[in-house]
Amino acid sequence: WSLMPLLLLIVGYGSVILTWRDIGYAWDESYYYEPAQKAADWLTAALRGEKPFDRASIDTYWEERSEHPSVQKLLSGIAMRAFPEPQDHLFAMRLPIAILFGLSLTLIYQLGRRMTGNVPALAAALMYGTMPQIFGYAHFATMETPVVFMMLLVTLCYLRGLDSPFWAVMTGISFGLLLATKINGFFLPVALVTWGHLYARRQHVNNLMALLILGPICFVLAWPWLWHDTAMRILQYLAFHAAHQKTAVYFLGQMWGLEGPNAPWFYPPMMIAVTT
């Protein structure tokens, strides 16, 4: 059982690597390609001491697709630096996502073992990893797999932070990185703080402070585009997603969204029921 976290990482990663050879670029991956390269270029310049921290430099490297935070861009960009040949870029963009998929299985196992024991924890990790949509998303260099991994990491840190100031600090840091991964992360504290208030009221104060204080600070630090005109750019980021287009979906024999009406209200529960 002590090797199970490592085995789940290897199995999750390997299952993606062995099944992605014939999958071409997905829609969103084409949007992330150039911004990921620019993010890696900015990081390289910073590590070389070129100090690309002024507003003009930040805008040059980070303005494109500024509605998307930094974590996924940096992950794919750094991987493309490690595999510089153009024919390897698709593999490189997806490599960190495959690793995070395997790590997500590990974190689910760790969370389950903490609560219920080894066998239910392993069952939970395997059931998650074999859900078709989850497994499918693990093949693409998009934000879905990273945001799940970061949510699991924040949750594990939160539970450990009930008894440890160190893990309370890690809760805040990991929450900041979650916010810098995808906007969905803003909703996780609703669940965590509600649970903490109901079941660990005397223990979750450090976590609460870390979420409220360290989280936003780390969010800004992790996303260079926010370093200038911070408040206005955060509002711009939130406003974009509040008015985001109704993404097209094919459901019950017809297309919904975009210029037409949105999918009916029962679309999410029905999709959950038939795919989970």
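## Surface patch, main pocket and salt bridges

Phe53, Val205, Met209, Leu212, Ile213, Ile217, Leu221 and Trp227 together make up a nonpolar surface patch whose accessible area comes to about 740 Å². The model discussed here is a predicted one. Within this patch, Met209 belongs to helix H11, which covers residues 205–221, and Met209 is classed as partly exposed because its relative accessible area is 38%, a value that falls between the 20% and 50% cut-offs.

The largest pocket has a volume of about 1,800 Å³, and 43 residues line it, with Asp28, Tyr137, Glu144, Lys182 and Thr247 lying nearest its centre. Two or more lining residues come from each of helix H2 (27–47), helix H7 (132–137), helix H8 (144–161), helix H12 (230–242) and helix H13 (267–275). By residue class, the lining of the largest pocket contains 25 nonpolar, 12 polar and 6 charged residues.

Side chains of opposite charge can pair when their charged atoms come close. In this model the count of salt bridges is 7, and three of them are set out below.

| Salt bridge | N to O distance |
|---|---|
| Arg94 – Glu29 | 2.8 Å |
| Asp41 – Arg81 | 2.2 Å |
| Lys182 – Glu144 | 3.0 Å |

The salt bridge between Arg94 and Glu29 connects distant parts of the chain, since Arg94 sits in helix H5 (residues 89–115) and Glu29 in helix H2, with their positions 65 residues apart. Both partners, Arg94 and Glu29, are buried.

In the salt bridge of Asp41 with Arg81, at 2.2 Å from N to O, Asp41 lies in helix H2 and Arg81 in helix H4 (residues 71–82), so this pair ties together parts that are 40 residues apart in sequence. Asp41 is partly exposed, with a relative accessible area of 30%, and Arg81 is likewise partly exposed, at 40%.

The third pair, Lys182 and Glu144, meets at 3.0 Å from N to O, and both residues are among those nearest the centre of the largest pocket. Lys182 is placed in the loop between helix H9 (165–179) and helix H10 (188–199), whereas Glu144 is in helix H8, so that the pair links distant parts of the chain, 38 residues apart. Lys182 counts as buried because its relative accessibility is 18%, under the 20% cut-off, while Glu144, with a relative accessible area of 23%, is partly exposed.

Apart from these pairs, Arg55, Asp59 and Arg233 are joined in a network of salt bridges.

Note on methods
Residues are numbered from 1 along each chain as its sequence is written. This is a predicted model: local features need pLDDT of at least 70, side-chain atom pairs count only at pLDDT 80 or more; totals for chains, interfaces and linings use all residues. Side-chain values use heavy atoms; hydrogens and water are left out. Patches are made of residues with over 30% relative accessible area and no salt bridge: like charges are joined within 9 Å, nonpolar side chains (Val, Leu, Ile, Met, Phe, Trp, Tyr) within 5 Å. Accessible areas come from the Shrake-Rupley method with a 1.4 Å probe; for residues, only the protein chains shown count as cover. A salt bridge is a side-chain nitrogen of Lys or Arg within 4 Å of a carboxyl oxygen of Asp or Glu. Helices (H or I, at least four residues) and strands (E, at least two) are DSSP runs, numbered from the N terminus. Buried means under 20% relative accessible area, exposed over 50%, partly exposed in between (1.4 Å probe, protein chains only). On a 1 Å grid over the protein atoms alone, a cavity is a set of points where a 1.4 Å probe fits but cannot get out, and a pocket is an open set with protein on both sides within 12 Å along at least five of seven lines; lining residues have an atom within 4 Å of a point. Grid points are joined across faces, edges and corners, and a volume is the space filled by probe spheres set on the points. Ala, Val, Leu, Ile, Met, Phe, Trp, Tyr, Cys and Pro count as nonpolar, Asp, Glu, Lys and Arg as charged, and the others, Gly among them, as polar.
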